[in-house]
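Work through the exercises below with the sequence and the model side by side. Each one sets a task and is followed by a solution in steps.

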Amino acid sequence: MADDDTPPKPASTEPKGADDPTTQDAADNKDAKDTKDASGGSTGAPDASAPKASGGDASDKDTPSSDSPPAASGTPPLSTALNPQIVQAVGTTNHAVLNGAIPGANGVAYQKVAQAAAYAVQDSTDYMRSIMSMASATTGVAMQKMLATKEVQPYSDIIEAASKAVTDAQKTFTSVGTSASSVVKDFDSMA
């Protein structure tokens with residue numbers, strides 16, 4: 001029982017000697033490094049020309065390389081982050097879409113101009129139709145009054161003014177149609 005009460009011995013504080021296996025492993029590693037140095041290999045210090053391992057310390061990750069612009073925190077530079085084939089595919093797609101969009105955009109613009117010209121001709125047609133309807137009604141009423149009163153004046157002047165309004169409406173229609181056609185043709189040559 002007395003043996004169980006004995007306190008444990010403290011760890012030895014003496015330096016480890018040549019018989020210690022851990023000391024022997026460290027010496028073997030040093031000899032291997034020195035042999036590498038003599039044969040032209042690395043020295044025990046890190047080689048400046050050797051590529052850094054991907055798991056380096058935080059200061060290596062945050063230091064941008066001199067040949068690329070500084071990247072956002074935690075992201076690699078754009079030139080190395082993207083696959084060159086993907087960059088080329090996106091560029092080719094953009095080129096095809098943008099070059100194909102120009103004729104399409106011109107076609108849409110041409111359709112809008114042609115539609116506006118058609119609206120102008122349609123409006124002038126409606127104007128001419130309205131003038132003709134009013135001139136027809138005015139002429140009918142003027143002739144009825146002329147027959148009822150057996151007087152030519154002022155009813156002949158009214159009929160003449162109605163006829164002149166129809167002629168002016170026809171000239172307006174022709175002018176609008178010619179101008180609209182010219183605008184569409186000129187726009188087609190510019191597109």
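**Exercise 1. Find where the pLDDT stays under 50, and decide how such parts should be read.**

Start with residues 53-61 of this predicted model, where pLDDT (the predictor's confidence in each residue, from 0 to 100) stays under 50. For this stretch the model has three contacts beyond four places in sequence, a contact being heavy atoms within 4.5 Å.

Next, take the chain as a whole: its mean pLDDT is 73, and 53% of its residues reach 70 or more. Over residues 35-51 the pLDDT is below 50, and this stretch has six contacts in the model beyond near neighbours in sequence.

Then compare the elements, where helix α2 (residues 58-62) has the lowest mean pLDDT, 48, and α5 has the highest, 91. Where pLDDT is low, the predicted coordinates should not be read in detail.

Two conventions apply throughout: residues are numbered from 1 along each chain as its sequence is written, and side-chain values use heavy atoms, with hydrogens and water left out. As this is a predicted model, local features need pLDDT of at least 70 and side-chain atom pairs count only at pLDDT 80 or more, while totals for chains, interfaces and linings use all residues.

**Exercise 2. Describe the chain by its elements, its burial and its contacts.**

First, list the elements: the chain has five helices and zero strands, and from the N terminus on they run α-α-α-α-α. Helices (H or I, at least four residues) and strands (E, at least two) are DSSP runs, numbered from the N terminus.

Second, turn to burial, for which buried means under 20% relative accessible area, exposed over 50%, and partly exposed in between (1.4 Å probe, protein chains only). Buried residues make up 8% of the 191 residues in the chain.

Third, consider the surface and the contacts. The chain exposes about 15300 Å², of which carbon and sulfur atoms supply 60%; such areas come from the Shrake-Rupley method with a 1.4 Å probe, and for residues only the protein chains shown count as cover. Of the contacts with a separation of 6 or more, 54% are between residues 24 or more positions apart.

**Exercise 3. Which residues make up the largest nonpolar core, and what do they touch?**

Begin with the membership: Met 128, Ile 131, Ala 135, Ala 162, Val 166 and Ala 169 make up this core, six residues in all. α4 and α5 each supply at least two residues of the core. A nonpolar core is a set of buried Ala, Val, Leu, Ile, Met, Phe, Trp, Tyr and Cys residues joined through side-chain atoms within 4.5 Å.

Then follow single members. Ile 131 lies in helix α4 and counts as buried at 13% relative accessibility; leaving aside neighbours within four places in sequence, Ile 131 is in contact with Ala 165, Val 166 and Ala 169. Met 128, not counting residues up to four places away in sequence, touches Ala 169, Gln 170 and Phe 173.

Finally, add Ser 124, also placed in helix α4, which counts as buried at 5% relative accessibility and is in contact with Phe 173 and Val 176 beyond its neighbours within four places in sequence.

**Exercise 4. How many salt bridges does a search of the whole structure find, and where do their partners lie?**

The search finds two, a salt bridge being a side-chain nitrogen of Lys or Arg within 4 Å of a carboxyl oxygen of Asp or Glu.

One joins the side chains of Asp 126 and Arg 129 at 3.0 Å, N to O. Both residues lie in helix α4 (residues 84-149), three residues apart, about one turn of the helix. Asp 126 is partly exposed at 32% relative accessible area, and Arg 129 is partly exposed at 49%.

The other joins Asp 168 and Lys 164 at 3.3 Å, N to O. These two lie in helix α5 (residues 155-190), four residues apart, about one turn of the helix, and Asp 168 is partly exposed at 33% relative accessibility.

**Exercise 5. Examine the backbone in the loop between α4 and α5.**

Look at Lys 150 in this loop: although not a glycine, Lys 150 has a positive phi of about 55°, and at 74% relative accessibility it counts as exposed.

Move on to Pro 154, found in the same loop between α4 and α5, where the peptide bond from Gln 153 to Pro 154 is cis, with omega near 5°.
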